[in-house]
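Trainee: I'd like to learn how to read a binding shell and a chain interface. Could you walk me through an example?

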Amino acid sequence: MSVTALSDVVVRIEDLQKSFDGRLVLDGVSLTVRHRKIVAIIGQSGGGKTTLLRCLNLLEQPDRGLLEVAGETIFSGSSVQCRDLAKLRQSVGMVFQKFNLFPHLTAVENVMLAQLRAGVPEQDALEKAVQLLRRVGLGHRALAYPEQMSGGEQQRVAIARALALKPSVLLFDEPTSSLDPESTAEVLRVMRELAEDGMTMVLVTHELPFARDVADWVVFVDGGRIVEQGTPADVLGKPRELRTRTFLASYAAGQ
Amino acid sequence: MSVTALSDVVVRIEDLQKSFDGRLVLDGVSLTVRHRKIVAIIGQSGGGKTTLLRCLNLLEQPDRGLLEVAGETIFSGSSVQCRDLAKLRQSVGMVFQKFNLFPHLTAVENVMLAQLRAGVPEQDALEKAVQLLRRVGLGHRALAYPEQMSGGEQQRVAIARALALKPSVLLFDEPTSSLDPESTAEVLRVMRELAEDGMTMVLVTHELPFARDVADWVVFVDGGRIVEQGTPADVLGKPRELRTRTFLASYAAGQ
Amino acid sequence: MMFEVPWGEYAPALLDGLERTVGYTIASFAGAAVLGLALALLRVSRHRALRIPAAIYTEVFKNIPLLAIIFVTYFGLASAGLKLDVFSAGCVSLIVFYAAYLSEIFRAAISGVHGGQQEAAEALGLGKISTFAYVVFPQALRSALPGTNTMLVDLLKSTSLLVTISAAELMSEGRLITSATFRALEVYLVIAAIYFGLCYPLSQGLLWLERKIRAGVPLTPKRRRRLKAARAILEGAST
Amino acid sequence: MMFEVPWGEYAPALLDGLERTVGYTIASFAGAAVLGLALALLRVSRHRALRIPAAIYTEVFKNIPLLAIIFVTYFGLASAGLKLDVFSAGCVSLIVFYAAYLSEIFRAAISGVHGGQQEAAEALGLGKISTFAYVVFPQALRSALPGTNTMLVDLLKSTSLLVTISAAELMSEGRLITSATFRALEVYLVIAAIYFGLCYPLSQGLLWLERKIRAGVPLTPKRRRRLKAARAILEGAST
Amino acid sequence: GDSKTPVSDAAAALGTLEPGVLKVAIQPYAPYTSLVGDKMAGLDADILNAVAGKLGLKVKPELTDFAGMLAGVQSRRVDITIGGVAWTAERQKAGLFTDPPYYSPPAMAVRAGEHYRTVQDLQGKDLGTVEGYVWVKSIQAVPGAKLHAYPDGNGVFDDLGAGRINVGFLDPLLVLAAQKERPELKVETQYLTAPSAADVKAHPAYQYFQQYMTAFYLPKQATALEKAISEQIRAMYASGELTGLIKKYGGDPAQFLKPAPEIAKTRQGVDRPADWQPPSI
Ligand SMILES: Nc1ncnc2c1ncn2[C@@H]1O[C@H](COP(=O)(O)OP(=O)(O)OP(=O)(O)O)[C@@H](O)[C@H]1O
Ligand SMILES: Nc1ncnc2c1ncn2[C@@H]1O[C@H](COP(=O)(O)OP(=O)(O)OP(=O)(O)O)[C@@H](O)[C@H]1O
Ligand SMILES: [Mg+2]
Ligand SMILES: [Mg+2]
């Protein structure tokens with residue numbers, strides 16, 4: 001990565017460490033995500049991908065390291081620096097594997113909730129929510145409850161929900177791995193559009209073809225460390241590390 | 001398909017019709033599955049694949065048509081011919097998308113249950129169950145409960161369970177679509193071994209690469225009809241029908 | 001043999017008793033729900049120091065007969081110098097008893113809300129209180145409803161035990177009539193029918209409410225307005 | 001003021017009452033569980049003609065006070081020519097009442113077993129009865145346990161209402177002591193303590209059982225032998 | 001309430017919980033105690049109403065059950081409880097009893113056509129009473145007899161009617177009232193020949209098969225009130241007021257208002273002075 005203006009950096013992670021019950025799960029991870037870039041994180045199960053993502057909005061508190069999001073230091077040394085956790089989380093949208101929509105609220109209310117809690121006036125929040133649902137192709141489903149929607153629709157509502165507070169970066173944790181191929185296609189289409197609109201994204205995924213297609217940067221994580229990173233063409237096409245090659249081979253075998 | 005000895009036919013379906021609430025879901029399906037062959041059924045969601053599979057062991061009762069399994073006519077005209085439903089189902093193993101293991105029983109007990117109910121002596125059933133669990137690579141997990149196992153392990157136990165009564169044919173309904181890539185690979189490996197051992201299988205799947213690799217025959221179902229069938233190379237490689245091509249294209253886009 | 005009791009004469013007294021029964025039920029249930037929710041929150045807390053006393057409370061009150069609680073609250077506390085009036089003593093007894101049961105129901109409902117919900121809410125920047133109020137509580141309420149409703153009906157029936165502290169509710173009136181007429185069976189059948197007439201519509205009404213809520217029908221005017229506004233926007237576009 | 005009752009003298013009578021309380025509890029609970037299961041099976045049936053009477057039964061008995069049921073069973077049936085002895089009448093009352101509640105719990109538990117389970121069992125060639133006995137029932141039992149256990153403890157406490165028909169159980173004995181000594185409060189406290197002494201270990205024991213079952217500990221000797229045999233085969237291979 | 005009614009000094013000196021007011025716990029126990037509107041009615045109620053009137057006290061009844069009556073007195077929630085309460089040596093340890101407003105003859109409720117005259121006739125029979133009544137002990141002492149104790153008199157009558165018991169021991173006016181209200185039960189009143197002194201000596205519990213003494217029950221602290229009420233009761237014996245009330249409820253004044261010879265001894269030196277004499281007409 002070449003040196004760019006600092007203002008260009010949306011997420012900066014330096015030497016991040018995190019352990020659970022004394023077991024190191026993130027072991028000195030450093031990573032920079034620039035404005036309008038898409039970073040795909042790939043790797044074996046249990047490698048620490050989800051944990052890394054969750055540290056970025058402090059759903060998980062690291063043990064040590066530096067975390068900067070949208071120009072603000074939110075964690076440094078071994079303590080949280082961020083005064084307003086709510087504000088941080090508003091600037092970091094998150095989309096989960098299991099969608100985690102609020103089942104008691106309609107799609108449009110799911111998208112409105114965070115805005116209302118953040119003080120956006122009712123009518124503005126509503127209009128914004130409808131606009132976002134239309135953007136993900138679900139204007140006609142605005143009044144449906146999650147359980148009345150297919151998995152793909154739910155995940156698209158979850159994306160709209162994550163976008164509602166205009167985050168500087170969107171985090172995705174295996175957004176399509178609970179979905180059938182058709183729903184996967186729907187969701188990936190929406191994500192591709194977001195990418196084209198210049199959204200900054202960090203994406204944990206098993207969809208290597210998609211990663212190859214849309215990501216600007218691919219990071220292979222294993223055993224809590226970044227083993228290899230680079231352009232998709234490099235990491236997925238001509239991996240340098242043995243572990244990366246093994247992983248890619250096992251992936252190909254599964255297909 | 002060339003004409004072969006009748007004894008070679010494990011499953012024969014002729015002009016099968018089934019409707020739900022007046023809506024035709026299977027609309028005159030005919031299909032023959034021969035001994036030691038693997039038939040993959042592919043197609044859009046809602047096309048009737050699951051319904052077709054479920055008719056084969058009369059979990060769903062067709063409206064009209066002919067069904068022969070292992071040389072016995074189990075359904076003809078518009079009525080069930082099969083006297084002993086239990087015997088039919090023992091000769092047709094079934095593996096579900098959601099595994100459907102019995103959560104209150106250990107892996108080995110899951111595999112034993114059907115044998116015990118079928119009158120197999122305790123010790124024989126136990127030995128058989130352990131042997132089958134070893135065959136799917138889970139001898140060491142025999143005493144685990146389903147919730148203590150990963151999805152891939154659960155599905156392999158489900159396969160062992162389906163094999164316990166030595167069925168003439170094994171039905172799989174999207175056996176890997178609830179699984180992550182690694183677990184998918186595990187399960188596909190086991191299925192490939194079964195194929196090599198000469199098990200007759202009917203497989204509904206979205207794993208087109210796997211279908212291409214192991215299936216002897218691919219059937220594309222849409223709107224309750226078989227639109228196209230043939231060798232994997234033909235159906236997946238040079239499909240004749242427009243609908244097949246559209247389906248394969250949308251599948252490729254999703255990847 | 002039946003209906004030899006001059007019910008017309010007793011109707012005003014019974015109506016009076018009925019009114020008291022309803023009064024006890026409403027006041028006690030409201031109190032029990034509040035106390036039960038507080039106990040449930042203590043019991044899902046991360047701190048043992050909060051969890052344990054709440055657990056002990058629940059165990060104690062779940063395991064002694066309500067009659068004993070009523071007796072001790074009214075007479076026992078009086079001997080100790082705290083003289084609650086009948087209504088307070090009756091309500092306090094019912095509250096402390098049913099709060100124990102309700103806290104179990106609420107606790108199960110709260111911990112039954114999927115962990116992902118809390119996480120999703122936090123990831124959206126909702127604070128702890130907002131997360132509870134807008135995400136966890138509404139879902140917990142839904143799964144707690146059936147059990148809670150059973151308890152409400154049970155509480156209504158249990159007001160009959162307040163006889164012993166001269167609460168003058170329905171059952172007390174029944175006993176008075178019995179003693180005057182010596183027609184216990186007839187009186188008990190009529191009293192049972194009155195209780196049924198109270199409880200059955202109540203439980204059916206609650207079931208109806210349960211179904212409405214499960215079907216996602218908006219119950220507050222605010223939500224109804226919001227959904228109407230959403231519909232207006234959506235339809236405005238389609239015309 | 002406290003403990004002026006010569007409890008030593010009354011101990012044999014109390015023990016007697018205790019024994020009867022336990023007897024009523026065991027007999028009634030067993031009966032209520034059987035009837036409740038039968039009702040639950042009717043209520044999950046596909047036939048309206050079976051579902052509806054069971055539903056009516058449940059609604060009726062859930063919505064009238066137990067006290068009224070006890071009274072009608074003992075005295076009412078007697079006036080109608082069916083003279084049950086105290087024990088039978090007491091048990092019948094408790095059974096018909098608690099069966100209504102238990103049937104609700106069982107029904108929810110049975111219909112809560114995932115449809116895929118039934119399907120998987122049928123696909124393995126298990127018949128309807130085997131499917132219920134070996135697949136649905138054990139899982140339903142598991143989810144019904146907490147509610148069922150609450151009802152068992154509740155039933156134990158409710159035997160105190162049998163006082164109405166002079167069942168000579170614990171509460172009746174308590175009343176006898178009260179009227180002999182006039183020390184109502186003391187007696188109630190002691191009786192409450194005895195009930196607590198019965199109910200608390202019972203509910204804790206049931207909780208323990210619940211945990212065992214949830215942890216998959218085999219409870220029948222047959223299953224224990226089977227798992228031991230499996231372990232033997234597995235270890236035999238590894239040595 | 002209507003505290004405007006002036007409370008006389010004499011009434012205030014009685015030390016009731018609320019000056020000028022007599023809080024009375026009763027249970028539904030017609031025709032001894034009952035509640036009509038907010039006034040109490042029945043034999044015991046009429047007697048106490050008359051006494052309270054003379055003492056300048058306003059009666060405030062509270063309807064409860066037997067346990068509640070006792071606990072109400074002991075926890076000082078009420079001033080007094082009434083309603084066929086029998087005096088016993090053990091009970092008097094837990095409070096104060098007034099002089100007997102009347103005496104109760106040993107009446108039995110039996111099914112029409114059956115005859116029981118002596119304690120011997122009761123042997124091996126099913127005998128019912130209300131739990132807490134003094135007869136519980138007496139019945140337990142009868143050889144071979146089976147005790148059926150009910151929470152109230154209705155159980156006794158119903159089971160007598162249903163044939164589950166042979167004899168019901170109840171307060172005499174209760175039997176008379178039930179006979180009138182429920183003729184279909186075919187219950188009759190019979191009087192037991194009191195057991196001989198020798199019998200009572202052999203079975204001390206038989207004493208309750210003799211005439212027994214009712215009284216009003218008050219908390220230990222209420223000595224002034226108890227004394228005042230006892231005085232008024234004695235005055236009512238003398239004035240003939242009690243004779244009138246007993247007659248009003250169908251009782252025989254000779255049975256109800258003349259103590260048997262043993263009565264005096266039971267309380268002398270227990271909760272009364274050694275020279276105490278039971279009131280009589
Ligand atoms: N809350 C937690 N408590 C204890 N251990 C945890 C916790 N969360 C994660 N871990 C452990 O940390 C390790 C990394 O987990 P993580 O979920 O980050 O992996 P992952 O790369 O996302 O895997 P997957 O592909 O399966 O989602 C795993 O060994 C996991 O068991
Ligand atoms: N029990 C049922 N009652 C009513 N309709 C049903 C039932 N089962 C299936 N259907 C309908 O029949 C059609 C075919 O369903 P089926 O499950 O066989 O499709 P499928 O090809 O397996 O789809 P998928 O890929 O989503 O599993 C669908 O429209 C479905 O809604
Ligand atoms: Mg993960
Ligand atoms: Mg399907």
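Trainee: How do the residues of the shell around ligand 2 divide into nonpolar, polar and charged?

Mentor: Sorting a shell by residue class is a good way to start. This is a predicted model, and in it the shell around ligand 2 has seven polar, four charged and two nonpolar residues. Together, 13 residues surround the ligand, and the closest are B:Ser45, B:Gly46, B:Lys49, B:Thr50 and B:Thr51.

Trainee: Which elements of chain B each supply at least two residues of that shell?

Mentor: Those are strand S2 (23-34) and helix H1 (49-56). The largest share, three residues, comes from H1(B).

Trainee: And which polar atoms lie by the oxygen atoms of ligand 2?

Mentor: Look at side chain and backbone separately. In the side chain of B:Ser45, an N or O atom is 2.5 Å from a ligand oxygen. The backbone takes part too: an N or O atom of B:Gly46 lies 2.8 Å from an oxygen of ligand 2, and for a polar backbone atom of B:Gly47 the distance to a ligand oxygen is 3.1 Å. As for cover, the protein hides 64% of the 630 Å² of accessible area that ligand 2 has on its own.

Trainee: Now the interfaces. How is the size of an interface often given?

Mentor: Often as the accessible area lost when the parts come together. Between chain C and chain A, the buried area is about 2700 Å², with 63% of it from carbon and sulfur atoms. Here 28 residues of chain C are in contact with 35 residues of chain A.

Trainee: How many salt bridges and polar pairs are there between chain C and chain A?

Mentor: The count is four salt bridges, and nine residue pairs are in polar contact. One salt bridge joins the side chains of A:Arg89 and C:Glu122, at 4.0 Å from N to O. On the side of chain C that touches chain A, helix H5 (115-123), helix H6 (128-158) and helix H9 (221-238) each supply at least two residues. H9(C) gives the most, with nine residues. By class, that side has 16 nonpolar, six polar and six charged residues.

Trainee: What should I read from the contact between chain A and chain B?

Mentor: Go through the same kinds of entries. The buried area is about 1300 Å², and carbon and sulfur atoms give 53% of it. Each chain brings 14 residues to the contact. The salt bridge count is zero, while four residue pairs are in polar contact. On the chain A side, H6(A) gives the most, with five residues.

Notes: Residues are numbered from 1 along each chain as its sequence is written. Chains are lettered from A and ligands numbered from 1 in the order in which they are written. This is a predicted model: local features need pLDDT of at least 70, side-chain atom pairs count only at pLDDT 80 or more; totals for chains, interfaces and linings use all residues. Side-chain values use heavy atoms; hydrogens and water are left out. A residue is near a molecule or strand if one of its heavy atoms lies within 4 Å of it. A polar contact is a pair of N or O atoms within 3.5 Å; within protein, one must be able to donate a hydrogen and the other to accept it, and residues adjacent in sequence count only if both atoms are side-chain atoms. Accessible areas come from the Shrake-Rupley method with a 1.4 Å probe; for residues, only the protein chains shown count as cover. Helices (H or I, at least four residues) and strands (E, at least two) are DSSP runs, numbered from the N terminus. Ala, Val, Leu, Ile, Met, Phe, Trp, Tyr, Cys and Pro count as nonpolar, Asp, Glu, Lys and Arg as charged, and the others, Gly among them, as polar. Contact means heavy atoms within 4.5 Å. Buried area is the accessible area (1.4 Å probe) that two parts lose on being put together, summed over both.
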